[in-house]
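Reader: I'm new to this one and would like a close look at a single part. Could you take me through the aromatic rings, and then wander outward from there?

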Amino acid sequence: MAAAFVGTWKLAGSENFDEYMKACGVGLITRTTANQLKPSQVIAVDGDKITIKTLSTFKNTEVSFTLGQEFEETTADGRKMKTTYKMDGANLVADLKPIKDGDSASTYKREITPEGMTMTLTVKDIVCLRKYVKE
């Protein structure tokens, strides 16, 4: 099922991203910069390993994982998390649990739509939508 996500996806639009970053504890300067970026996500599958690279002029990140297996990652905003990805129907969902007290749990849901890929980021009661088109 993850094969539908393979490819390069360019950010086309974003809703509520600043509020999401605030809820994650991201400072004003970083939020201002991040709100101006149009990152690409490069998603690849090699056997049971999935790799997601997020590329921008400000910062690049990369995670590699196997569905259902928890791993430690540092998010783009600097939070240290224990993350587990799974397929929920046709959606690729990440459950991020904080390692450090004071950080908040969050989820990422990627779904393929007729327009491209929508990524829903949730932390506390804040929901952000990031819409991507395939390059």
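Author: Here is a walk that starts at the rings, moves on to the largest pocket, and ends with a handful of single residues. Keep in mind that this is a predicted model.

Let's start with the rings. Searching the whole structure turns up three aromatic pairs. Take F65 and Y85: their ring centres are 3.8 Å apart and their planes sit at 5 degrees, so this pair is stacked. F65 belongs to strand β4 (residues 61-66) and Y85 to strand β6 (residues 80-88), so the pair ties together parts that are 20 residues apart in sequence. As for where these two sit, F65 and Y85 are both buried.

Y85 has another partner, F71. Here the ring centres are 6.4 Å apart and the planes are at 10 degrees, so this pair is stacked too, given that planes under 30 degrees apart count that way. This pair also links distant parts of the chain, with F71 in strand β5 (residues 71-74) and Y85 in strand β6, 14 residues apart. F71 is buried, just as Y85 is. Put the pairs together and you get a cluster made of F65, F71 and Y85.

One more ring deserves a look, that of F17. R130 lies over its face, at 3.8 Å from the ring centre.

F17 also brings us to the largest pocket. Of the 29 residues that line this pocket, F17, T54, T61, A76 and D77 lie nearest its centre. The space inside comes to about 650 Å³. Where does the lining come from? At least two residues each are supplied by the helices α1 (17-23) and α2 (28-36), and by the strands β3 (49-55), β4, β5, β8 (106-113), β9 (116-123) and β10 (126-134). Among these, β4 and β5 are the strands that hold F65 and F71. Sorted by class, the lining has 16 nonpolar residues, seven polar ones and six charged ones.

Now for a bit of backbone. Most residues other than glycine have a negative phi. Two residues here go the other way. N16 has a phi near 70 degrees, a positive value in a residue that isn't glycine. You'll find N16 in the loop between β1 (7-15) and α1. With a relative accessible area of 36%, N16 is partly exposed. K124 is the other, with a positive phi near 50 degrees, and again the residue is not glycine. The loop between β9 and β10 holds K124. Its relative accessible area is 58%, so K124 is exposed.

K124 leads us straight to S104. Skipping neighbours within four places in sequence, S104 is in contact with A23, R79, M81, P98, V123 and K124. S104 is found in the loop between β7 and β8. Buried or exposed, at 15% relative accessibility? S104 counts as buried, because the cut-off is under 20%.

Strand β7 comes up again with two residues of its own. One of them is N91, in strand β7 (residues 91-98). N91 is buried, with a relative accessible area of 19%; that still falls under the 20% cut-off. Leaving out its neighbours within four places in sequence, N91 is in contact with F5, K86, K109, R110 and E111.

The other is L96, also placed in strand β7. L96 is buried, at a relative accessible area of 0%. Its contacts, again setting aside neighbours within four places in sequence, are E73, T75, M81, K82, T83, A105, S106, T107 and Y108. M81 is on this list, and M81 is in contact with S104 as well. L96 and K80 lie 16 residues apart in sequence, and their C-alpha atoms are 9.2 Å apart in space.

Last stop: S40, found in strand β2 (residues 40-46). S40 is buried, with a relative accessible area of 11%. Not counting residues up to four places away in sequence, S40 touches T8, W9, K10, K53, T54, L55 and E135. T54 should ring a bell, as one of the residues that lie nearest the centre of the largest pocket. S40 and S56 are 16 residues apart along the chain, and 6.6 Å separates their C-alpha atoms.

Notes
Residues are numbered from 1 along each chain as its sequence is written. This is a predicted model: local features need pLDDT of at least 70, side-chain atom pairs count only at pLDDT 80 or more; totals for chains, interfaces and linings use all residues. Side-chain values use heavy atoms; hydrogens and water are left out. Rings of Phe, Tyr and Trp (its six-membered ring) pair if their centres lie within 6.5 Å; planes under 30 degrees apart count as stacked, over 60 as edge-to-face and the rest as tilted. Helices (H or I, at least four residues) and strands (E, at least two) are DSSP runs, numbered from the N terminus. Buried means under 20% relative accessible area, exposed over 50%, partly exposed in between (1.4 Å probe, protein chains only). A charge sits over a ring if NZ of Lys or CZ of Arg is within 6 Å of the ring centre and within 35 degrees of the ring normal. On a 1 Å grid over the protein atoms alone, a cavity is a set of points where a 1.4 Å probe fits but cannot get out, and a pocket is an open set with protein on both sides within 12 Å along at least five of seven lines; lining residues have an atom within 4 Å of a point. Grid points are joined across faces, edges and corners, and a volume is the space filled by probe spheres set on the points. Ala, Val, Leu, Ile, Met, Phe, Trp, Tyr, Cys and Pro count as nonpolar, Asp, Glu, Lys and Arg as charged, and the others, Gly among them, as polar. Contact means heavy atoms within 4.5 Å.
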